[in-house]
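Here is a short set of exercises to work through with the structure open beside you. Try each task before you read its solution.

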Amino acid sequence: MMVDLPDLPNELCALARAIADGTVSSEDAVRTTLARAEAAHDLNAFVALEAESALALARQCDRERQAGSLRGPLHGVPLAHKDMFFRAGLPTEAGAALWRGFRPEETSPLVARLEGAGAITFGRLHMAEFALGPTGHNVHLGRCGNPWHARAISGGSSSGSATAVGAGILCASLASDTGGSARVPAAFCGVSGLKPTTGLLPTYAMMELSRTCDTAGPIATSSRALALLMTVLAANGRDYMAGIGEDLCGLRIGLPTTWYNDGIHPEIDYALEAAAAQMRALGATLVDVAVPDQSAMARAAGTIALYEGARVHARDLALRPGDFGEDVRARLARGSAISESDYGSALALRHWAQVAMRDGPFANVDLFLTPATRMSVPLARDVEILGPASRQELIGEISELTRPASLLGFPALVTPMGFDTRRLPLALQLIGPPHSEARLLRTAHAYEQATRWRAHPHAALARA
């Protein structure tokens with residue numbers, strides 16, 4: 001029970017401001033965050049906590065603040081990240097037995113930018129083995145829980161990031177997204193997640209799955225927090241918070257007339273209609289738009305990621321196949337069977353799709369509004385009882401609506417849009433043309449402020 005620890009703002013910008021003005025000390029923030037992580041250990045969100053080093057750095061940050069010096073906009077803020085971003089000399093294990101004990105010699109520039117802005121890294125977070133899995137299961141680490149319902153899946157592959165943020169353990173986390181790995185768990189755990197334009201953030205010193213589709217992306221309790229993180233992570237001189245707080249007047253939002261809404265759960269359909277009405281009330285113009293074949297894009301994204309992932313792991317698959325989990329080994333085997341010709345066709349479709357989307361629907365609208373997933377959050381037992389073939393089919397279905405943006409390399413953001421009758425989160429997705437992150441963040445923030453779905457209590461904090 002957290003009885004003698006201070007309440008902390010559960011939003012990154014608010015916590016950073018409280019530490020900067022001395023309302024909360026960095027040491028108290030770190031201690032409280034560590035205590036929350038321990039209290040919610042049953043969620044299995046963390047691979048490792050780094051209490052001693054984090055507390056020492058927090059005390060240093062407090063001394064610097066008292067002397068009138070701040071390291072940056074994240075001064076003294078505790079963060080933890082998906083266990084795939086390298087930090088020189090420290091373990092990075094990617095949820096895999098094969099990487100157990102691996103200590104890289106270099107540090108991810110993204111981690112370096114966050115720490116350079118004052119953030120304190122205090123732990124490593126659960127993930128699917130080699131980022132191959134959208135359910136939160138990992139045979140080496142155990143299943144990562146969903147903070148809203150113990151028997152629901154967390155989503156993946158950035159399971160620990162979304163669960164820890166959704167549980168209120170921390171305000172934000174660095175994750176990754178190759179086909180929905182940040183967006184799916186953010187959707188299932190009731191938080192906000194962003195896949196930036198591919199290539200906007202460096203992928204050096206981060207575990208590779210697909211050189212074509214990989215990107216890092218933040219998960220947080222608000223899109224305002226995502227905007228602050230993107231300002232730090234992109235380090236391109238752009239202030240992604242500049243439009244935060246503006247209304248949606250003048251914005252044209254496209255509602256795809258095909259595919260995205262095909263076969264979606266009725267509760268998701270209802271929530272999406274309500275979200276569209278809310279955005280219209282905020283000043284946006286909503287229009288129906290025809291879109292090129294998105295199912296072909298989703299398939300091509302899967303083809304590219306599996307082909308490239310199988311080549312990344314080819315040596316270990318040949319020499320140490322037993323060290324891979326069954327489902328991961330099966331997915332990589334499918335990738336190994338993809339021909340160079342089919343891979344080339346998928347890349348060609350990617351180029352065609354980028355042009356078709358930029359010159360087609362995105363010539364007439366600023367962004368799309370879609371569901372994040374067709375299905376409501378599955379229960380873990382409904383995943384675990386499936387045979388191997390059925391599990392592989394479910395894996396494809398979970399991330400089907402997030403994969404087109406991954407193929408295109410376009411930015412996409414998910415944020416909560418309510419709850420189903422089981423009180424599990426529902427989420428919308430915003431997709432924009434290249435480098436429209438600021439517009440997506442502005443839109444999501446306006447919607448979040450009008451609806452405040454994150455204001456609802458959740459299971460992990462109720463237990464803490």
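Which helices each supply at least two residues of the lining of the second largest pocket?

**Exercise 1. Describe the second largest pocket.**

Keep in mind from the start that this is a predicted model.

Step 1. Begin with the question above: the helices are α11, α13 (380-384) and α14, and each of them supplies at least two residues of the lining.

Step 2. Add the volume. The second largest pocket holds about 360 Å³ of space.

Step 3. Find the centre. The pocket is lined by 19 residues, and the closest to its centre are Thr-135, His-137, Val-139, Asp-327 and Arg-391.

Step 4. Sort the lining by class. It divides into 8 nonpolar, 6 polar and 5 charged residues.

**Exercise 2. Do the same for the largest pocket, and say which element gives the most to its lining.**

Step 1. The volume of the largest pocket is about 450 Å³.

Step 2. Its lining has 29 residues, of which Gly-302, Arg-331, Ile-395, Ser-399 and Arg-403 are the closest to the centre.

Step 3. Two or more lining residues come from each of α9 (294-312), α11 (326-336) and α14 (388-398). With 7 residues, α9 gives the most.

Step 4. By class, the lining of the largest pocket has 12 nonpolar, 13 polar and 4 charged residues.

Step 5. Now look across both exercises. Helices α11 and α14 appear in the list for the largest pocket, and they appear again in the list for the second largest pocket.

**Exercise 3. Work out how α9 and α11 are arranged, and what their contact is made of.**

Step 1. Recall what is needed: two packed helices are described by the angle between their axes and the distance between the axes.

Step 2. For α9 and α11, the axes come within 7 Å and cross at roughly 105°.

Step 3. Angles from 65 to 115 degrees count as roughly perpendicular. The two helices, α9 and α11, are therefore roughly perpendicular to each other.

Step 4. List the contact. From α9 come Leu-306, Tyr-307, Gly-309, Ala-310 and Arg-311, while α11 brings Arg-331, Leu-332, Arg-334, Gly-335 and Ser-336.

Step 5. Classify the contact residues: 4 are nonpolar, 3 polar and 3 charged. One of the α11 residues here, Arg-331, was also among the closest to the centre of the largest pocket.

**Exercise 4. Repeat the analysis for α8 and α16.**

Step 1. Helix α8 covers residues 266-281 and helix α16 covers residues 437-451; their axes come within 10 Å and cross at roughly 100°.

Step 2. That crossing makes α8 roughly perpendicular to α16.

Step 3. On the α8 side the contact uses Ala-275, Gln-278 and Met-279, and on the α16 side Thr-443, Tyr-447, Ala-450 and Thr-451.

Step 4. These contact residues divide into 4 nonpolar, 3 polar and no charged.

**Exercise 5. Trace the sheet of 8 strands and find its edges.**

Step 1. Follow the order β6-β8-β7-β12-β13-β11-β9-β10; the sheet is open and its pairing is mixed.

Step 2. The edges are β6 (172-176) and β10 (285-289). Each has a single partner strand, so one side of each is left without a neighbour in the sheet.

Step 3. From one strand to the next, the twist averages 30°.

Step 4. Zoom in on one pair. Strands β7 (residues 192-195) and β8 (residues 216-220) are antiparallel and share 2 bridges; Ser-192 has Ala-220 of β8 as its bridge partner.

Step 5. Look for a helix on the sheet. Helix α5 (residues 159-166) packs there, touching β6 and β8, and its direction makes about 160° with that of β6.

**Exercise 6. Trace the sheet of 3 strands.**

Step 1. This open sheet has the order β1-β3-β2 and mixed pairing.

Step 2. Its edge strands, β1 (46-49) and β2, each pair on one side only.

Step 3. Strands β2 and β3 (residues 120-125) run parallel and are joined by 4 bridges. In this pair, His-81 stands opposite Arg-124 of β3.

**Exercise 7. Locate two backbone features in loops.**

Step 1. Gly-156 and Ser-157 are joined by a cis peptide bond, with omega of about 15°. Ser-157 lies in the loop between β5 (149-153) and α5.

Step 2. Ala-94 is not a glycine, yet its phi is positive, at about 55°. Look for Ala-94 in the loop between β2 (78-82) and α4 (109-116).

Methods. Residues are numbered from 1 along each chain as its sequence is written. This is a predicted model: local features need pLDDT of at least 70, side-chain atom pairs count only at pLDDT 80 or more; totals for chains, interfaces and linings use all residues. Side-chain values use heavy atoms; hydrogens and water are left out. Axes are lines fitted to C-alpha atoms, for helices over the stretch in contact, and angles run from 0 to 180 degrees between N-to-C directions. Angles under 35 degrees count as roughly parallel, over 145 as roughly antiparallel, 65 to 115 as roughly perpendicular and the rest as oblique. Contact means heavy atoms within 4.5 Å. Ala, Val, Leu, Ile, Met, Phe, Trp, Tyr, Cys and Pro count as nonpolar, Asp, Glu, Lys and Arg as charged, and the others, Gly among them, as polar. Two strands pair if DSSP finds at least two bridges between them. On a 1 Å grid over the protein atoms alone, a cavity is a set of points where a 1.4 Å probe fits but cannot get out, and a pocket is an open set with protein on both sides within 12 Å along at least five of seven lines; lining residues have an atom within 4 Å of a point. Grid points are joined across faces, edges and corners, and a volume is the space filled by probe spheres set on the points.
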